[in-house]
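Here are some short exercises to work through with the coordinates open in your viewer. Try each task on your own, then compare your route with the worked solution.

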Amino acid sequence: MQTSETIHPDKLHGGTVAAKRSGIGAISRVEELDRGYLCIGDRANLALSFLDEHLFRVKLTFDACPDWTTTPGVLPWEKTIQPSREDTERGFLFTTKKLSVRIDAEDASITVTDAEGNVIGRQTSFSWDARGAVTGCFAMDERSHFYGLGEKTSYLDKRGESYTMWNTDVYAPHVPEIEALYQSIPLLLHVHDGASCGIFLDNPGRTTFDMRSRSDLFAIESKTGDYDYYFIYGPELKQVISCYTALTGRMQMPPKWALGYHQSKYSYKSEEEVLALARTFRDKRIPCDVIHLDIHYMDEYRVFTFDSDRFPQPQNMIAELKKMGFHIVPIVDPGVKQDPKYPVYREGVLEDRFCKKLEGDVYFGDVWPGRSAFPDFTKQETAAWWGDLHRYYTDMGIAGIWNDMNEPAVFNESKTMDLDVVHDNNGKMKTHEEWHNLYGMLMSKATFEGLQRHLEGERPFVLTRAGYSGIQRYAAVWTGDNRSFWEHMAMAMPMVLNMGLSGIPFAGPDIGGFAHHTNKQLLIRWTQMGALFPFCRNHNVGDFLDQEPWAFDQETEDICRAFIGLRYQLMPYLYTLFHEAAQTGIPVMRPLLLEYPEDQQLSNLCDQFLLGRDLLVAPIYRPDTEHRTVYLPEGEWFDYWTGTPYTGGQHLTVHAPLDTMPLFVRGGAIIPHEPLKQHAADQTEASLLFHLYGGAPNSSYVLYEDDGLTYAYEKGAYNLLRVEAECTGRGLKLGYEYERKEYEPAPRKLCFYLHGLDPDAVTIEGLERLAAKPEDDAEGWYVDERCHCVVIAVRDDKSERTIELNW
Ligand code: GLC
């Protein structure tokens, strides 16, 4: 017998009818609205709002009155500006001080020009189908380069690529054809002939960015939800990033310990193991601040518990670790084990905290604890409840939490929550299909805010795997389950560089690779590189070969110690860069093109990077390799290790045996260091060491510092210390000045390391030449043979000072 299913449309010749697509048609008039304009089209309307001289918002709408609410990715933005407006037969022109937007009357295309009339962006069409999928097409040509898009595989320039935004738990493979990973940052940066602009599509559902299919157009498509984008004009790329991060928020200053070295494993499984690990770091004098606890610390993977056999006294363990200068960061996943005897689950059900289907049933999915329910973080009370549950950890002395599996990952065919789960969103319901990409960020937001409430003035640290635009406000990001492959080490550079360009300055990969077996060379080379990434954590699966810095042999241990130590010596530089990122959104780790936008060689250079403006890092990322090419941009550069000067604008072949990594300093740079410490709060030898490199007639640097731990800096308790060097013809005038001094550091010395001076030809006014570094607080100058520097050591007891050097 056959049923009607035999003639199901899908089984008939021709299959389903192709979806018809519509476009806006002609624009007949423009209406002025409260926060902008409504361009009335034949089949849909375009809402336009000007948020700033170089920032406007476009929303496709079918209503007469557009809804200007945004997703939680965007910060409240009250201000709008009124552009001048001109209506002609051909179209409608809106002009701000920086740009003009013309909406074509005939076809609703949008053309953006700069103040000189150059076209900086053009949307040629909008189209949509009956199910609500919308496509916008935008003009590009052979001079277009694309960046941003957050955490994506492949190279730096995304030209010729196509990506999907759909937070996905990808254990494997992280290869160029994987279009979606854990994070979704729908920000596309388009650089064309030196002019940069950004398109940020604020849609946390499934979206795609296709820069591959056509050579004259790129397409941005949303599957569902609002087609609501922001056009951000630079012309400098840095201006676009600053504006995007003004819109989606910036990182707060993390606690300084979070900038230290982190050690992790899936999993360190007992108190003894964790304590032994910490002692090994201290015994071997390998600096480290953080130990992560992966899922085995819990009682059968129930979040907010410790396994009482393996971790019988977590509080004591944490206190002991704290004495040694370690912080513990335990993992917290969103899945709450279904178990009526487990208080978190019971409370969650009774208080209606979990995600549900429209019909009212709690949604369950399988994750590490088995069948689990998932908090609905879109609901204010649930977010507050979850945040407050973290008192369990803060009461034990924990200030950092690692959020994982928060795409959310579910062990099923779709890899995530059912799309028809509904999120409460405080009464303004959204389906999971519409808000999937927000789940992880809202979890980290609830976590961060909960920790803030319970840490009594201390800064929290949150690490997350999943995120959406704005995640930088709450968490650092690691790039998920990479493998111990050289290819993955190399890919981490463009990936984290693009994350930085996408507003996420605090990011890094699992050093050494998470899955698969690392080896001696790979661990060494990856540690060298990772030590100069913003986030620095070694993490792996315990079933594979161990990869703690001492896991192989003495040589590996020594090299890892040296490079982790380098990170600690550079901490004042790093911390100042984090402050810059918190203030402006400009990333800590930068592709060269960000600093040298005029240089045509740089559009896809991503096997070397800049740490801030002044340090150029060129890792060795292949096995059995001791040489590589390094490109030095214009200006003068110095080899960090030998001080050898080089003229920029050239490719160098650099020799880098296993114990070193090519590292260069920009001529004229002043790089602050501190003496080697074992952890961020280590008080041994308080001094600040400024390394000054020649190559420029004048140089200056402003160091930022605060207590590294609390929010006192927000109330003004921080210092800005300016160091300046000026060539005088007879020598050098070196000066420092506290532009602000509201934080009192421990009594210390300021030491100025002058590279490239002949000590025998120098006299320094008012300071005596010493035979060696003074042990006490004596002032004077001496020669440091290791770096061939003249070193001036003075007490940090004046608010400003000038020192004259003559030769
Ligand atoms: C996921 C995480 C990984 C973690 C593991 C166990 O795979 O990405 O970092 O170690 O889960 O919790």
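The exercises below concern a predicted model and move from the ligand to the cavities, a small sheet and some backbone details.

**Exercise 1. Find the residues around the ligand and list the polar distances to three side chains.**

Step 1: Collect the residues with a heavy atom within 4 Å of the ligand. This gives Y266, D294, I295, I331, W368, W402, D404, R465, W478, D481, F514 and H539.

Step 2: Look for N or O atoms in the side chains that face ligand oxygen atoms within 3.5 Å. For D481, the distance to a ligand oxygen is 2.5 Å. For H539, the corresponding value is 2.9 Å, and for D404 it is 3.0 Å.

Step 3: Set this beside the annotation. An unreviewed UniProt entry places "domain: Glycoside hydrolase family 31 TIM barrel" at residues 252-577. That span is 35% helix and 15% strand, and its end C-alpha atoms lie 12 Å apart.

**Exercise 2. Describe the largest cavity: how much space does it hold, and which residues lie closest to its centre?**

Step 1: Count the cavities of 30 Å³ or more; the structure holds 4.

Step 2: Take the largest cavity, which has about 120 Å³ of space. Its lining consists of 17 residues, and the closest to the centre are Q252, P254, F448, P460 and Y474.

Step 3: Sort the lining by class. You should find 13 nonpolar, 2 polar and 2 charged residues.

**Exercise 3. Work out which elements line the second largest cavity.**

Step 1: Start with the volume, which is about 70 Å³ for the second largest cavity.

Step 2: List the lining. There are 13 residues, and G121, R122, F138, I199 and F231 lie nearest the centre of this second largest cavity.

Step 3: Assign the lining to elements. Those giving two or more residues are strand 8 (110-114), strand 9 (119-128), strand 10 (134-139), strand 15 (195-201) and strand 18 (228-233). Strand 9 gives the most, with 3 residues.

Step 4: Sort by class once more: the lining of the second largest cavity has 9 nonpolar, 3 polar and 1 charged residues.

**Exercise 4. Put the strands of the sheet that holds strand 23, strand 27 and strand 28 in order, and explain why its edge strands each have a side without a neighbour.**

Step 1: Follow the pairing. The 3 strands form an open sheet in the order 23-27-28, with antiparallel pairing.

Step 2: Identify the edges. Strand 23 (356-357) and strand 28 (430-431) each have a single partner strand, so one side of each is left without a neighbour in the sheet.

Step 3: Examine one pairing in detail. Strand 23 and strand 27 (residues 421-423) are joined in the antiparallel sense over 2 bridges, and K356 stands opposite V422 in strand 27.

**Exercise 5. Locate two cis peptide bonds and a non-glycine residue with positive phi.**

Step 1: Check omega ahead of P173. The peptide bond between A172 and P173 is cis, with omega about -5°, and P173 sits in the loop between strand 12 (162-165) and strand 13 (183-184).

Step 2: Repeat for P408. A cis peptide bond links E407 to P408, with omega about -5°; P408 is in the loop between strand 26 (400-403) and strand 27.

Step 3: Turn to phi. E300 is not a glycine, yet its phi is positive, at about 45°. Its place is in the loop between strand 20 (290-293) and helix 3 (314-323).

Notes: Residues are numbered from 1 along each chain as its sequence is written. This is a predicted model: local features need pLDDT of at least 70, side-chain atom pairs count only at pLDDT 80 or more; totals for chains, interfaces and linings use all residues. Side-chain values use heavy atoms; hydrogens and water are left out. On a 1 Å grid over the protein atoms alone, a cavity is a set of points where a 1.4 Å probe fits but cannot get out, and a pocket is an open set with protein on both sides within 12 Å along at least five of seven lines; lining residues have an atom within 4 Å of a point. Grid points are joined across faces, edges and corners, and a volume is the space filled by probe spheres set on the points. Ala, Val, Leu, Ile, Met, Phe, Trp, Tyr, Cys and Pro count as nonpolar, Asp, Glu, Lys and Arg as charged, and the others, Gly among them, as polar. Helices (H or I, at least four residues) and strands (E, at least two) are DSSP runs, numbered from the N terminus. Two strands pair if DSSP finds at least two bridges between them. UniProt positions are given in the numbering used here, feature names are shortened, and annotations may be inferred rather than shown by experiment. A polar contact is a pair of N or O atoms within 3.5 Å; within protein, one must be able to donate a hydrogen and the other to accept it, and residues adjacent in sequence count only if both atoms are side-chain atoms.
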